[in-house]
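Open the model in a viewer with residue selection enabled. The stops below go in order.

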Amino acid sequence: MRTVLHRGLLVTLLFVLGGLFGASAQPLSDSYYRENPSWIDAELWASDGDYYTLRGEAYSPYERFAIYGFSFVDYSFRGEHRSSLTTRLGLLELSNPLERYPDYALLSLLRRTPAVRSSHSTISTRGYGGDVRTELYDTSPLGCREGSSLRLQLSSRTYRAGVGYRLVHQRGDSVAYSLAMGGRWGRDGAVEGLFSSEEYLWLSGAWSRDVASGLRSSLQIALMIAPQMRSGRSWNSEEVLDLAGKRNYNSYWGYQQGRVRSSRIRREAVPTLYTSWDLKDAYILSHINISTLVRVGRRSSSSLEWSEAPNPSPDYWGYLPSGQSDPQVGLLAESVWREGDTDYTQIHWDELYHINRLSTSGAHYLLMDSRRDLFSAEVDASAALLGMEGGRVGVRGGVHRAHDYNTPRDMLGATTMGEGFDLYDYRLSLPRWELYGWYYGQLGPHRLFGAVEVGGESVGYKSAHSLRTLSEEHFTTLTLKGAWSRPLGPQASLGATVRYGRSAPFVEDLLGAPEGAVVRNPWAGEEGLLDASLWGEVTIDKVRLQMQAYASLRHDGSAVEHFWHDPTDQYAALLVGGIGSLNVGVELSARATLTPSLNLEGHLALGHYAYTSDAQGRIVDHDTGETIISATRLGLRGLTSSSSPSLSSALVAKYYTERGWLVGGEWVFVAGRRVEPSLALTSDHLSTLATTPEERAALAAQPSLGAASSVNIFVYRRLGQRWSGSLSVRNLFSQTRAYRGGYQPSRIKVRENESISIVVPHDARYQHIYPRHLYLTVTYEF
Amino acid sequence: MSSKVKIYRLGLRVLLLGAILLGGAACGYDDHQAPPHSLADEQSNCFIGHLHHLVEMGPFGQEVIICGRVTANDHSGNFFRSIVVEDSTGAVELRLDSYELSSLYPVGSTVVADLSGLAANYYDGVLQVGRCRYEWEDYSVEPVATRREIARRVRVARGVEELWPEVVSVADLKAEMCGRLVRVEDLRCAEEQSEERLEWGESNYGSSCDRLFVTTQGDSLLVRTSIYADFASAFVPEREVAITGVLYQDRYEGRDMFVLKMRGLEDVE
């Protein structure tokens, strides 16, 4: 009894501490999710080796490191724009075809839950992308290690404190349930205006019983909820960063009544329910499976909008010294920044309220929420192929719906909306189906894998405001995958993978300006892809070497870019088609166990990512759909297609002491990075405004992002049966000079130089690498 | 396991869940109180009409604070980077380097302006105040620069209240009335419109267009419209109208003539 009370008090104390620390941390964006919360976290959270089981089967050593290792810069595996990584919960794909980016909140939750593990990977050959990059999660708590654990996390990046609780309970070998819940909260320690507030809840149960001789029926149900709210960080030109005097300047916040208030806040809550029923034989090898996945919820993001009023952004180019034609005024503009007057170097919230209250014609400023209410339901039914272990056939289908609209979140002191704000309201529907089959087996020394997926999807659009509809679009999808491997001896093996496919375009690349005129991108259609890789590994004494060479070809890609068309002073959409790219490279990894206590790892990847052809485009008015430029060529051929590094490398050392300490460090270095081009600036239409070859070259230029490095250290200790702790410090030497990433705005401006007008692109925008930060984790198991 | 232990365990779990929910809800990162509406005090030490005596001494060196109603701003684009402020003694055009001044200083609001250190000059009969003097195409002073300086110098003291222009005849117009908001009735466009309708802001030369209006008594008046005004392409009425606008004075065909600048099409009745 006393023990239970003591545990209860300890748990409560840890929660209170975590909550208070997080809440009291107030002074009164794609990168966030890619952070490595703790170098050890991802591995040790599932400390019974589940992580290794999951990762080791599907990934090469380089890829495994690259999941988190290069997150201090803008990094995409092999320079991909469209991730080739497939994430499945059981047999159902977690991606939503209506959304370009993965559900990071759900993925983050899955990586923190207890019952997430992989059965032996049923659809891959041994490692190295056997299933061509598929990540599998299994929700069943049956067979997982029983127990509870409580964790407290302290950090200085993105959040300040977090708590988490996990429980797995087994009742015999036929019933099990698991619970995980927690959250993390707090303001960022280095970037002002940045905060996060996340909670998660995971409930999972599994029931299993014999239904006939040799047949066992299993049912899993999992409920996952991960609501979160977090603010955004701006990208800035070098001029603004220099004026602000800090590399982590963020223009998305300001003081309101002395408290920090952010203008860009993303919120989401998308509860997900997963069920899976299996019928297995005694060997758990051949079975029937029916799975369902249902997601309902909302994602939203807020931002400041204005009408017939001055731009509220403190870093608007018209307020900067470079935006002044009179040098004397430029000096005056600079002095505002140098003096650090936060009313004008950050958002002046009080002034926005003041202006709204003066107005007799409605609000001039609003905090507008762009919302997506989504509903997604998928079902999959599959069976072992001819009763064989390695074969499977199935069918899956689903419907995905989204209701996109915007609505004022905060009227900022006004009682009515002004007339200058555009509201949109439209619905998307995307039913899809797929037939698939795969087989893996062994033929002599050769391990073979083959898969085929054939499907179709339709996209429907309807606007609530104007009864505007588009004819439903239909696309056919096809994916063929193959993999082969064979041992070359007891310590070496060789393999290859190939994938060919045609995938439907993203909805954002199909519809130009769905918030406005909705125009169908005439070139949007199935995008073709062809990936191939060759890998080999060998173990020499205590050193394991692995090498992988790859080539990835994309063609018939499409895109829509929204931008302000300066020549006609209109908000426009650029519809693009015929995009092709080729990414090639090689990845090398070496792991050495020098002594039982000392492990060394080295990784090196070289890649080249380039567009292979020019593309074609059309520019239309965003609001009316009227054609501004009916046809223009985009000079993409030869340009770098990704800002991901062409050279990525890392050295990792881990040392285990006799007293149970694990200490380690890593040095990560990347180079060969360029800002991705703005599609609009590569168009013939804009380049003809330039009168000299130098001007034309400047429009299509891709500024270098330079090299970057980071030194990270970590230490882990286990104390007895129950306590463990870890501390990791990232970017130990706080090297912030280098860029994390950058992008090129699509705008141009005209500079008067004596009697000559020169067309120049707006300055590229950057973020610098995050300074030194730490993660401290304490775990108590009971 | 005893039932008490089970209860305690259940209680612990409920407590944990509650702590998490409370922890998340209590953060309040996006809970903000609306600020109070703070307005400037309506205190001045100089009537606008007395500014004329200070102009000849160069920039306003001493503390000079005026208070008046905003009678015109850049809402339609006819008053570029300017607002016109008027009190009972006179009017002044403040040159301010910002756009959408209409949202900062709406017509009918009362503002307090600190003119200390600013330069002044006359242009088309109206006293203009700005950062420094500059002889340039349309304006005689450079506008006050930067948002911070504008906000520091010109502050709203009272919200929008209805404005009543002074109703005068062309014959009664005087030079000392320049800058004030007036309404002139009994006007008809003197230019021929039989073949082609005239537009307010149509100009083949320069950045503004003048339209000649006459009264039944034979007095004449110009109405000047910037080619960038949002009503520049609207047609000049052929009927008799009353026009409200800020009064200027300029040379036209060798003689001094009064000029009205409208705030928008609503100034034509």
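Start by selecting A:S196 and A:R230: in β9(A), A:R230 is the bridge partner of A:S196. This is a predicted model, where local features need pLDDT of at least 70, side-chain atom pairs count only at pLDDT 80 or more, and totals for chains, interfaces and linings use all residues. Residues are numbered from 1 along each chain as its sequence is written, chains are lettered from A and ligands numbered from 1 in the order in which they are written, and side-chain values use heavy atoms, leaving out hydrogens and water.

Widen the selection to strand β7 (residues 195-212) of chain A, which pairs with β9(A) in the antiparallel sense over three bridges. Strands are DSSP runs of E, at least two residues, and helices runs of H or I, at least four, numbered from the N terminus; two strands pair if DSSP finds at least two bridges between them. Add strand β12 (residues 265-269) of chain A, joined to β9(A) by four bridges and antiparallel to it. There, A:R266 is the bridge partner of A:R230.

Now show the side chains of β9 (residues 228-231) of chain A: A:Q228 and A:R230 on one side, A:M229 and A:S231 on the other, all buried (under 20% relative accessible area; exposed is over 50%, partly exposed in between; 1.4 Å probe, protein chains only).

Last, select A:R261 and A:W349. A:R261 lies over the face of A:W349, at 4.4 Å from the ring centre (the criterion is NZ of Lys or CZ of Arg within 6 Å of the ring centre and within 35 degrees of the ring normal). In chain B, select B:K261, which lies over the face of B:F79 at 4.5 Å from the ring centre.
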